[in-house]
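Reader: I should like to go through a protein model with you. May I put some short questions about its side chains and its overall make-up?

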Amino acid sequence: MSTSTSAVTPNDPKIRNRTQSFTGLRTSHSVALTTNVSLFPLPFSSSPSLIRAVSSPVKPGKTTTTEPKRSKVEIFKEQSNFIRYPLNEEILTDTPNINEASTQLIKFHGSYQQYDRDERGARSYSFMLRTRNPGGKVPNQLYLTMDDLADQFGIGSLRLTTRQTFQLHGVLKKNLKTVMSTIIRNMGSTLGACGDLNRNVLAPAAPLMKKEYLFAQETADNIAALLTPQSGFYYDVWVDGERFMTSEPPEVVEARNDNSHGTNFPDSPEPIYGTQFLPRKFKIAVTVPTDNSVDILTNDIGVVLVSDEKGEPQGFNIYVGGGMGRTHRLETTFPCLGQQLGYVPKQDILYAIKAIVATQRDHGRRDDRKFSRTKYLISSWGIEKFKSVVEQYYGKKFEPFRELPEWEFKSYLGWHEQGDGALFCGLHVDNGRVAGKMKKTLREVIEKYNLNVRITPNQNIILCDIRSAWRRPITTVLAQAGLLQPRYVDPLNLTAMACPAFPLCPLAITEAERGIPDILKRVRAVFEKVGLKYKDSVVIRVTGCPNGCARPYMAELGLVGDGPNSYQIWLGGTPNQTQLARSFMDRVKVQDLEKVFEPVFYYWKRKRHAKESFGDFTNRIGFEKLEEVVDKWEGAVQAPTKYTLKLFADKETYQAMEELAKLQSKSAHQLAIEVIRNFVAAQQNGKSE
């Protein structure tokens, strides 16, 4: 990585860095990064004033006569001296929160200001920190550090996100520098995890030693490096200008510095982003054919490796324009799947990515943030015009898109061989929340066996580099903490996802993470009521607002918060994440969900084709017929019970179980079966290899 010069002037009182030196948090396992890392201060610029912003590189002969309308955030960025001011001063004040401009700027540093919405009266402010982990890769040292920070400065839990990162909630402002610097000094970063720039780059999390997987993961790393901010604002604010430099592949440096086709800001500390960065968030995923563990079509850019018959990587297919966010009752906002852009040889992928980013940077809307994502630029222009403009920045024509096989959703749960003699174990974590006994046990296993970790785009965790001899003891201790092998987890839970929503997300309209456990139990009860089998499954995703963080618009059954205790129901996504769902019903109160679930699931059981998924069924039948089924629903025709099990030997046991079941809105029989199933699962997990 080349050294960049800070644009901060030390004599300007408004932007002077007044932070004090510190050593950061140390734990028993934390090691300062002194090996193979070059540390040096970021020099000040001799420039007497702030660098002013432009929205794009200057084109010869181009003049502007009127100032275009810009959103407030664009003004904050322009006046921030590359995302420094006033955040660098605000974090030093005694108040528990930061001002409006800093609230926007801190997102670029990987943090959101939040407050506990369950509490009444004065707001209890805290900050959520999100890490950046391309491909979900988490070194052992960083995992243990994050585990410590959650206990010492957070709310005692870690959250695994749908973009393969950690979220650490509940950090107080007075502890921000300590937490941020500790992450930086322990092989981590939060730079660019939020804000108007490239977010964490997704890639298949499986640590498979196959050539195509290794190449895809390397490509994700290179794209992340290419689009990492270069002006040093992150290190100036959190480690007083100390820079943590690591070597970059020469092809990354060459692609970043190349300005053959007008992609760069000449002589700027941010050659790709300039002072205005991007109009909105920007998301990229990389994968290999068939592997849709990354929801490839939901990203601004989807990159798919193409190999020859011998398995040698040749190039990449590129999708553009995917995105989930929308606004209720504003039909001009919408979720969208990525479209085919073309194919590029493998040596050109960084240049093609940079050209797409430059196109969005220069032409994406900056006046209204609701319409600032890449998908709206493509919707306005059409894919052919978008492609033509990208090709001008790329300097070449895209080759025709290569044919791909069908996509499959791959969870990588359970035990698998890596291909190098070691094993990996994928563990299901409900909604990605690592807490309590599960958190303690994971920490013990990861620390004892010195394991590296990967986070999946489905909010799960993979333990890597496990020796065969460790399999039995690891399986046993994990099962005792409730981390069961996938065959012992309810199939509905395996594919379900929810965003955090209440109490900390400021955008939440209703519950998601806290509500989905009960919703899944109710869906399971409906399955049993209408006669569906235990192995029958549906991809269910729940979000507390329409922004779509848990990608509900790709679910077979998506619940999107549209009011207090109310959801918009989306149907029609598919298990392999290739079909966009559609809005089926609005404002369904949480207590009335069964009025929709029962008729549609019963109709699916009665009318589906062999092996037809719920999503495919709803698309084939059509919403008009399903609405009729819901409107005319009078209850399922009860089939005779296939198995008669006498679960209770005496009346007292039955009555005690019935009382407990009522607290969970279940029958005594349902609760007894659940208890037995969980007991058997725990026993079998402990004995399995």
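Reader: Is Arg 522 buried or exposed?
Author: This is a predicted model, and in it Arg 522 counts as buried, with a relative accessibility of 15%. The cut-off for buried is under 20%.

Reader: Which side chain does Arg 522 meet in a salt bridge?
Author: The partner is Asp 518, with an N to O distance of 3.5 Å. Asp 518 is partly exposed, at a relative accessible area of 37%.

Reader: Where do Arg 522 and Asp 518 lie with respect to each other?
Author: Both belong to helix α15 (residues 516-530); because they are four residues apart there, about one helical turn separates them.

Reader: And what does Arg 608 pair with?
Author: Arg 608 forms a salt bridge with Asp 536, and their closest N and O atoms are 3.5 Å apart. Arg 608 sits in the loop between α16 (594-607) and α17 (614-621), while Asp 536 sits in the loop between α15 and β18 (540-543), so the pair ties together parts that are 72 residues apart in sequence.

Reader: Which of these two is buried, and which is partly exposed?
Author: Asp 536 is buried, with a relative accessible area of 11%, whereas Arg 608 is partly exposed at 27% relative accessibility.

Reader: Which residues are joined into one network by salt bridges that share partners?
Author: The network consists of Asp 147, Asp 148, Asp 151, Lys 439, Arg 443 and Glu 447. Within it, Arg 443 and Glu 447 form a salt bridge whose closest N and O atoms are 3.1 Å apart. Those two residues both lie in helix α12 (residues 436-448), four residues apart. Arg 443 counts as buried at 13% relative accessibility, and Glu 447 as partly exposed at 36%.

Reader: How many salt bridges does the count come to?
Author: The count comes to 40. In general, side chains of opposite charge can pair when their charged atoms come close.

Reader: Changing topic, where is Leu 144?
Author: Leu 144 is placed in helix α4 (residues 140-153) and counts as buried at 3% relative accessibility. Its C-alpha atom is 8.0 Å from that of Ile 446, although the two residues are 302 apart along the chain.

Reader: Finally, how many helices and strands are there, and what share of the residues is buried?
Author: The protein has 20 helices and 21 strands. Of its 689 residues, 58% are buried. The accessible surface comes to about 29400 Å², and 51% of that belongs to carbon and sulfur atoms.

How values were computed. Residues are numbered from 1 along each chain as its sequence is written. This is a predicted model: local features need pLDDT of at least 70, side-chain atom pairs count only at pLDDT 80 or more; totals for chains, interfaces and linings use all residues. Side-chain values use heavy atoms; hydrogens and water are left out. Buried means under 20% relative accessible area, exposed over 50%, partly exposed in between (1.4 Å probe, protein chains only). Accessible areas come from the Shrake-Rupley method with a 1.4 Å probe; for residues, only the protein chains shown count as cover. A salt bridge is a side-chain nitrogen of Lys or Arg within 4 Å of a carboxyl oxygen of Asp or Glu.
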